Amino acid sequence: MILVFAENQKGKFKKTTFEAVTYGKKVAEKLGTECVALVLGNVSDDVAALGTYGASKVYHIDNASLNQFDSQVFANVIAQAVGKVGANVLVLSHSSTGKSLTGRLAVRLNAGSVAGANSIPTTDGDFKVRKNVFSGKAIAEYQISSPVKIISLMGNSIPPEETGSPASVENLDVQIPESRIKVKEVKTIEGTVPLPEAELVVSAGRGMKGPENWGIIEELADVVGATTACSRPVADTGWRPHHEHVGQTGVAIRPNLYIAVGISGAIQHLAGVNNSKVIVVINKDPEAPFFKAADYGVCADLFDVVPKLTEAFKKYNASN
Ligand SMILES: Cc1cc2nc3c(=O)[nH]c(=O)nc-3n(C[C@H](O)[C@H](O)[C@H](O)COP(=O)(O)OP(=O)(O)OC[C@H]3O[C@@H](n4cnc5c(N)ncnc54)[C@H](O)[C@@H]3O)c2cc1C
């Protein structure tokens with residue numbers, strides 16, 4: 001049995017949740033078993049709809065004490081669910097929630113785990129799954145031989161597929177431990193898609209000269225429907241907020257499109273973005289290392305190119 005922890009945020013499922021269920025279904029098909037999903041807390045989205053992504057049943061523990069994420073409580077409840085449904089593979093999203101649960105669950109369940117996997121496991125005799133390592137420069141294959149196996153799935157590794165029909169929804173009888181954490185305040189960034197989930201990203205670096213010039217980046221991002229990001233020195237000097245910093249020491253992303261404006265492409269920056277599907281680089285220095293990683297490059301002054309690109313997108317949007 002494959003159990004997918006179907007993460008929700010404020011009662012809504014994220015794209016990465018649908019990817020995880022789709023993945024769980026594919027793993028179940030390979031192992032000749034079923035895929036079921038687990039939802040915790042009150043949810044406004046249609047829980048049964050997880051069936052369309054491949055869950056044959058959804059276990060929904062519809063309890064308000066699970067509305068606020070607490071890794072200790074969630075790990076405890078998910079571990080109970082694994083035992084109750086008899087799951088031998090547990091799939092989570094490799095989100096910040098999934099990352100904080102995978103290790104805890106591996107200890108609780110005495111399970112081998114692969115965090116950030118991006119392939120369907122091979123199941124011919126051995127259970128092996130791959131993930132990118134060394135900042136995407138190499139692929140490692142891990143064999144899990146424990147009876148219970150845990151995989152957290154890297155976002156954007158497989159597209160969500162709606163091939164099934166709504167699933168039946170059932171409660172699962174578990175003990176919910178009391179949280180030892182008292183949450184005083186939750187601050188969230190509203191309005192844009194969070195960077196780890198963004199499919200389109202417009203990012204800018206020190207070539208922008210100063211924070212007062214970011215209007216052209218925001219306008220481009222707005223027209224494309226992208227989330228904005230930046231290089232580390234830009235965040236360090238306070239030109240942009242720290243949550244926009246991508247790279248080795250910032251957020252690692254893998255969007256479908258990454259437009260890098262006035263960023264040199266240092267190895268530490270590339271470490272967090274080189275898994276993007278398509279990379280477009282705008283830089284006036286033909287020797288900028290980023291051009292080596294780019295699918296498309298524009299060697300020109302960004303203050304010239306970016307407004308023209310925005311205009312071109314506006315025209316394109318108007319004609320479509
Ligand atoms: C341990 C460690 C961890 C690090 N982690 C990260 C990280 O996570 N993320 C990260 O980003 N960096 C990280 N760095 C820093 C990294 O090494 C680089 O210094 C940084 O990425 C450079 O930022 P930048 O490209 O914006 O600036 P610069 O290197 O100054 O590059 C600016 C670029 O803009 C171009 N440019 C200038 N003017 C224009 C114009 N008018 N039109 C077009 N192009 C123009 C220039 O040709 C240049 O290529 C780390 C460094 C260390 C040592």
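How many residues surround the ligand, and which are the closest? Select the ligand and everything with a heavy atom within 4 Å of it, and you should have 26 residues highlighted. The closest are Ser231, Thr249, Ser264, Gln268 and Asn283. Keep in mind as you click around that this is a predicted model.

Next, colour that shell by class. You'll get 7 nonpolar, 13 polar and 6 charged residues around the ligand.

Now show backbone atoms and look at the ligand's oxygens. Start at Ser264, one of the closest residues: a backbone N or O atom there lies 2.7 Å from a ligand oxygen. Move on to Arg206, where a polar backbone atom is 2.8 Å from an oxygen of the ligand. Then pick Arg232, whose backbone puts an N or O atom 2.9 Å from a ligand oxygen. Switch on a surface at this point: on its own the ligand has 990 Å² of accessible area, and the protein covers 76% of that.

Where does the ligand sit? Turn on your pocket display and go to the second largest pocket, because that is where the ligand sits. Which elements give two or more residues to the shell around the ligand? Select α5 (232-236), α6 (267-273) and α8 (302-318) to see them.

Hide the ligand for the last stop and look at the pocket itself. The second largest pocket holds about 230 Å³ of space, and 16 residues line it. Nearest its centre are Ser231, Arg232, Pro233, Ala266 and His269. Highlight α5 and α6 again, since each supplies at least two residues of this lining. Colour the lining by class too: 4 residues are nonpolar, 10 are polar and 2 are charged.

Before you leave, bring the ligand back and centre on Arg232, which has the 2.9 Å backbone approach to a ligand oxygen and is among the lining residues nearest the pocket centre.

Technical notes: Residues are numbered from 1 along each chain as its sequence is written. This is a predicted model: local features need pLDDT of at least 70, side-chain atom pairs count only at pLDDT 80 or more; totals for chains, interfaces and linings use all residues. Side-chain values use heavy atoms; hydrogens and water are left out. A polar contact is a pair of N or O atoms within 3.5 Å; within protein, one must be able to donate a hydrogen and the other to accept it, and residues adjacent in sequence count only if both atoms are side-chain atoms. Accessible areas come from the Shrake-Rupley method with a 1.4 Å probe; for residues, only the protein chains shown count as cover. On a 1 Å grid over the protein atoms alone, a cavity is a set of points where a 1.4 Å probe fits but cannot get out, and a pocket is an open set with protein on both sides within 12 Å along at least five of seven lines; lining residues have an atom within 4 Å of a point. A molecule sits in a cavity or pocket if more than half of its atoms lie within 2 Å of its grid points. Helices (H or I, at least four residues) and strands (E, at least two) are DSSP runs, numbered from the N terminus. Ala, Val, Leu, Ile, Met, Phe, Trp, Tyr, Cys and Pro count as nonpolar, Asp, Glu, Lys and Arg as charged, and the others, Gly among them, as polar. Grid points are joined across faces, edges and corners, and a volume is the space filled by probe spheres set on the points.
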